[in-house]
Amino acid sequence: MREARNEKLAALHDPSDDQRRAWVAHMRAESLTIRAPGAADRTSFLLFGDPGEGDSSQFALVQPLLSRADGVDFAFIASDVVYPAGDVNDYRRKFYFPYRDLSVPIYAIPGNHDWDDGGLLGFMFHFCGHDEPPRTVLDAVPRALRPFWRKPARVHAATQVARREREEKNTIARQPGPYFALDAGPLLLVGLDLGLCGRVDHDQGRWLGEVSRGDPRPKILVTSKPIYGDGHYNATPIEGGGSVDEVVRHPASNYVAVVSGEIHNYQRYPVSVPGGRTIQYIVCGAAGAFSQGTHTIERIGIPNPDPDLPPVAEEDVRLYPLRGDSLSFFSELYARRAEESRLFRRLLRAVGVPNADAVRIRPEEAGRLMEEATGAPSRRDPSAGPGRGRRGNHPGRGAQIRTGDPLAPRRTPGRAVLPLLGLGRAAVLQVLLPRRRDGDGDSPSALRGDRLRRARRRSAARGRAHLDEGRRVVVRALVCVAVALALAPAASAQARPNWQANVSAAARYAEARAGVESFAVVTERGRLLGRFKERAYPSASVLKAMLLVAYLNRPAVRGRPLNDNERGLLEPMIRWSANEPATYFVRLLGRGPLNRLAERAGMRHFHLVISPWGTSKITAEDQARYFARVDLLTPRRHRSYARRLLATVVPSQRWGIPPARPDGWKIFLKGGWGSGTGWVTHQVALLERGNRRVSLAILTRRNPSHTYGTETIRGIATRLLRGLR
């Protein structure tokens, strides 16, 4: 939110029109029309929108995209190349790395998130070859907004190298500006830049009219915001008069399609235009950002701008995923929230929802509900098989969202929020289903509204009956908490352990060993003890335990089940200490998530190195703190999975601390070593017995051999844990 704040500030005054004019004047391009490579009598290209999230929702689509890339001449991105704010240095991880194997030139038009960097520097640097914005671009921001305005970041040296490497491979095409026309042989692609707030300045509008009417070839307009989307029509005004859609619909323009991003699903609206033609208005913004639902879209009936032509009707529109699948999936998200939170479940019961299953809507039932709400077919055909749907009489047009899919939404639409104080399931449906349009009393929407109102009245009656009981539940809970707090000191005093870590014996042993040793232990009382515990060491594979928890904490991951691909990476990384998955996760996560995890764990000396990641800096003090809190740092949904991985490290790597573990104690651990050379040999572990917990980290360096280092760790651990029962 903080990084993408410029779009919010632009509601006060949008400077993007002035900034765009400044960029175009600075470039002084002879022509805004360029020729695509390989343009001939036919052309083939990839066209996709909103890819740049940089997480599993993007990487899950990279291989399917590459599988369609054979024989294409170029690729074109429609909107939001990089989230959340188009930072010039984020392109390395969210653009160059994901599409490193896409060996064709890539063109793009910016979306509102690309403009959020303060002046479109990131986009212009990577696609137009400009190293810094001209002064006139920055001066276009009103003085009153400048103290709050996000400014373009300084270009890092690694970003310069990444751009140069792509230029050498001829896979980044130099385009003349944020808007331009691409001559693709038999077709002309026209890219339009709509800035932060979806407007077109006078200069760009005049250019659009000239290039559209001055070339007889069929054309596709690529924009960052849809003209038709989510059941609504937006003609997109042009400064000084007119609209983009007027240009598109003009017979002399000869447009066959308008393709846009912005909305993260697939929608297609066939619209009749003068001359007996039909233009396809397509939304394709699901190439790598969180998926958005379609169940909040009302029954579609959009009047044609030309009153003599037929309207855009529900029966002709295609939405994917199907509304029923979308409703079922989002209800599953809310049901999972109820399953994960005891307080949430109690609140649901207090208002008449007995359990999480009452919130969950199965796909077939969701399809029936959506048909009743919109009057349009919205159910999958069971004979089509899993993941393949039917819509009306059009085979193969359905799409089911699977709960384990890495494309799972990172956030839900604003209206689709489970009401904490709702009145039973009818209230849940009232929020999830689209609002009724005003219309005839016998319309499907009107019938649905009447039924929901009756259900809501019945649910309200049940809610009032449960209200007093709900209050009593809350009072009883507060009394229990107060009693527990009052008794806690006495109980903890009785259960306080007598064991003390034998740090002095471990230190004397370490002094007699070759190499450089550091260790730290967090006792049952929470005391942190050790020797040279603040000394920094290369992390080696100990970092993988942090990668596991940082990935599970991602917003796109923490609230849903892991899929087979994710488990296929996490399990070998932890249990067998495989390096390839760690390299993938380091590049995927970057510094932000790992640094936030380190801060939550109370680490004071952690320093991440992206490549080679094994040289990241850790200390025994920080790692002992981390393993002492590893359960609390892991999302509740994935806690048992993370514990299982750390508890089932393969026997060949259970040297050091495990042989020193006292009987009756469980152990969760991760080790790291320098490929058997003794360069570093580390081990970090959590020991657990009932409610008792002890964590320790032992780091060694410059051992004569790896075996010698493991013996050192075993000796230190044996002395530290002596007397622990």
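In strand E3, the residue that bridges to Leu47 is Phe76. This comes from a predicted model, so it's worth keeping in mind that every contact described here is a computed one. Leu47 itself sits in strand E2, which covers residues 45-48. E2 and E3 (residues 74-78) run parallel and are held together by four bridges. The side chains of E2 take turns: Leu46 and Phe48 point to one face and are buried, while Phe45 and Leu47 point to the other face and aren't buried. That's the familiar strand pattern, with side chains alternating between the two faces of the sheet in a regular strand.

A similar story can be told further along the chain, at strand E19 (residues 528-531). Here Leu529 and Arg531 make up the covered face, and Leu528 and Gly530 make up the uncovered one. The partner of E19 is strand E18 (residues 516-522), and this pair is antiparallel, with four bridges. Within the pairing, Leu528 of E19 stands opposite Val522. The two strands form a hairpin, with five residues between them. One residue in that turn, Gly526, has a positive phi of about 90°.

Then there's the surface charge. Four arginines, Arg342, Arg346, Arg349 and Arg636, gather there in a patch of positive charge. Arg346 belongs to helix H13, which spans residues 342-350. So is Arg346 buried, exposed or partly exposed? Its relative accessibility is 38%, so Arg346 counts as partly exposed, given that this class lies between the 20% and 50% cut-offs.

Notes:
Residues numbered from 1 in each chain as written. Predicted model: local features only at pLDDT ≥ 70, side-chain atom pairs only at ≥ 80, totals over all residues. Heavy atoms only, no water. Buried < 20%, exposed > 50% of the residue type's maximum accessible area, 1.4 Å probe, protein only. Pairing = 2+ DSSP bridges. Patch = residues over 30% accessible without salt bridge, like charges linked within 9 Å, V, L, I, M, F, W, Y side chains within 5 Å. Areas by Shrake-Rupley, 256 points an atom, 1.4 Å probe, with all protein chains shown as cover. Salt bridge = Lys/Arg side-chain N within 4 Å of Asp/Glu carboxyl O. Lys, Arg positive; Asp, Glu negative; His and termini not counted. Charge placed at Lys NZ, Arg CZ, Asp CG, Glu CD.
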